[in-house]
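Before you open the model, here are some points to read alongside it. Each can be checked against the coordinates as you go.

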Amino acid sequence: MKRFSTTLLAASLLTGVLAAPAAVAAPPADDTRPPGLAKKDTLRWFAPEDFAIGTAVAGGGHHLDQPYPDPFPNDLEYRELVGTEFSSLSPENQAKWEFIHPQEDVYNFGPMDEIVEFAEEHGQVVRGHTLLWHSQNPAWLEEGDYTADELREILREHIQTVVGRYAGRIQQWDVANEVMLDNGSGLRTTDNIWIRKLGPGIIADAFRWAHEADPEALLFFNDYGVESIGPKSNAYYELVQDLLADGVPVHGFSFQGHLSTQYGFPGGVEENLQRFADLGLDTAITELDVRMVVPQGQQPTEAQLAQQADYYTRMLDACLAVEGCDSFTLWGFVDKYSWVPVFFPNQGFATVMYDDFTRKPAYCALQETLAEASGKIKHPAFALRDC
Ligand code: G3I
């Protein structure tokens, strides 16, 4: 298994000696690669033009309980890679209700502003996440004693305020996140406060309000467990057609892609993307990661890493094959900030880089697949290694 950090690679190219991985990677300021070359060794550089390759920007959520400072503002090496490796950014938690609207009359825009400004400085697009969801809503909302009219007004005001603030600066919004029951038998009516209290029609209203606030943004349904053709994705396929027939501004359907090597790769991903594309929708992969079972203190096996690389590649291949699937986002790119070990004991290693930012086979496989799709050739200086 080859594990090179970009910094180490540069050092070995200059000295002709392959250094052992350092315990702590050097900060970007020490990057000794020839100027201009580093950016040609990234996912972003190899991606076809107009194909957005994205990452979630770590912050909020599970990070708040971890023994490290807020990643995006504080981890400079991480921040550097967010800027160089990717062309699309998604706030992992920073635009969710509990974070951006912590009290009824208080908005906390700072962290999301920072992401949007960073994206603009780095020529990146942004996916907004999310406006109508059952999870990560603030207590004031979930436990508040509001009438249906008041709740409806709260949602309208929130959507128009948040979407309006970033109007013209967000490429895609996950308007409705995870609104379908896992078995596809219908919408979440018990745990989703909006649908429970206002009925299913509130989904169409959310799309209409978002569209009014930013007519340029592409508005998406986003969910997990919909990668294959099956009851859950079928339910969306019906719902979306009904909404489109009613003239509701739905523009896209996206697969999150939280996969695991302990399960088979979902069947028919390309066909499934294609049928939504055939409805006239854009499609996207929005939260890809591939976790694996690794007992605490142990490392993944070569076989697990190879299977993980295969899953990442197959998901990318499926997206590349479908016209209108132009956005492919990883739910984080470095293991140390992944949500997976916090949720799944004895599982992890779900992203494409180890804790020290060295690249896994999955990273290399993605880079290679993007290079094949774009026809870009690897710079000779990087031909010394797999990726
Ligand atoms: O709200 C509780 C709080 O009451 C409690 O005191 C605290 C103690 O640990 O936990 C809080 O919940 C945390 C939650 O974020 C809200 O801040 C969870 O522990 C924490 O694990 C959770 O993490 C986020 C998760 O969404 C919440 O669903 C992750 O950072 C974030 O990566 C993850 O992202 C989601 C996407 O938005 C949607 N699709 C699935 C994806 C992975 O779950």
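The numbered points below take up the strands, some backbone details, the disulfide and the open and closed spaces, in that order.

1. Please keep in mind throughout that this is a predicted model, and that the residues are numbered from 1 along the chain as its sequence is written.

2. A good place to begin is strand E3, which covers residues 125-132. Seven of its eight residues are buried, so strand E3 is largely enclosed by the rest of the structure. Strand E2, at residues 88-91, pairs with E3 in the parallel sense over two bridges, and within this pairing leucine 89 has valine 126 of E3 as its bridge partner. E3 is also joined to E4 by four bridges, and these two strands likewise run parallel; here the bridge partner of histidine 129 is aspartate 174, a residue of E4.

3. From E4 the eye can move on to strand E5. Strand E4 consists of residues 172-177, and five bridges join it to E5, again with the two running parallel; alanine 176 has phenylalanine 221 in E5 as its bridge partner. Strand E5 itself spans residues 218-223, and five of its six residues are buried, so that this strand, too, is largely enclosed by the rest of the structure.

4. What lies beyond E5, and in which sense does E5 pair with strand E6? The two strands pair in the parallel sense over four bridges, with E6 made up of residues 252-255, and aspartate 223 stands opposite phenylalanine 255 of E6. Together with helix H11, which runs over residues 231-245, E5 and E6 make a β-α-β unit that is right-handed.

5. Returning to E3, the reader should look carefully at the backbone between histidine 129 and threonine 130, where the peptide bond is cis, with omega near 5°. Threonine 130 has its place in strand E3, and histidine 129 is the residue whose bridge partner in E4 is aspartate 174, which makes the cis bond easy to find when following the pairing of these strands.

6. Two residues other than glycine deserve a look for their positive phi values. Glutamine 136, with phi of about 55°, is found in the loop between E3 and helix H7 (139-142), and it counts as buried because its relative accessibility is 19%, where buried means under 20%. Asparagine 346, with phi near 65°, has its place in the loop between helix H14 (340-343) and strand E10 (347-348); at 44% relative accessibility, asparagine 346 counts as partly exposed.

7. How many disulfides does a search of the whole structure find? The search finds one, formed by cysteine 319 and cysteine 325, whose sulfur atoms are 2.1 Å apart. The link is left-handed, with -100° about the S-S bond. Both ends can be described in terms of accessibility: cysteine 319 is buried, with a relative accessible area of 0%, and cysteine 325 is buried as well, with a relative accessible area of 1%.

8. Turning to the open spaces, the largest pocket holds about 550 Å³ of space. It is lined by 28 residues, of which Glu178, Gln256, His258, Trp339 and Phe343 are the closest to its centre. Two elements, strand E7 (258-260) and strand E8 (282-293), give two or more residues to this lining, and E7 gives the most, with three residues. By class, the lining of the largest pocket divides into ten nonpolar, twelve polar and six charged residues.

9. The second largest pocket holds about 400 Å³ of space, and of the 18 residues that line it, Gln298, Pro341, Gly348, Phe349 and Asp355 are the closest to its centre. Its lining has six nonpolar, eight polar and four charged residues.

10. Finally, the structure holds one cavity of 30 Å³ or more, and about 50 Å³ of space lies in the largest cavity. Among the residues that line it are Ala56, Tyr78, Glu92, Trp331, Phe333 and Thr351, and the lining as a whole has seven nonpolar, three polar and one charged residues.

Definitions and conventions
This is a predicted model: local features need pLDDT of at least 70, side-chain atom pairs count only at pLDDT 80 or more; totals for chains, interfaces and linings use all residues. Side-chain values use heavy atoms; hydrogens and water are left out. On a 1 Å grid over the protein atoms alone, a cavity is a set of points where a 1.4 Å probe fits but cannot get out, and a pocket is an open set with protein on both sides within 12 Å along at least five of seven lines; lining residues have an atom within 4 Å of a point. Grid points are joined across faces, edges and corners, and a volume is the space filled by probe spheres set on the points. Ala, Val, Leu, Ile, Met, Phe, Trp, Tyr, Cys and Pro count as nonpolar, Asp, Glu, Lys and Arg as charged, and the others, Gly among them, as polar. A disulfide is a pair of cysteine sulfur atoms within 2.5 Å. Buried means under 20% relative accessible area, exposed over 50%, partly exposed in between (1.4 Å probe, protein chains only). Two strands pair if DSSP finds at least two bridges between them. A crossover is right-handed if, with the strands pointing away from the viewer, the path from the first strand over the helix to the second runs clockwise.
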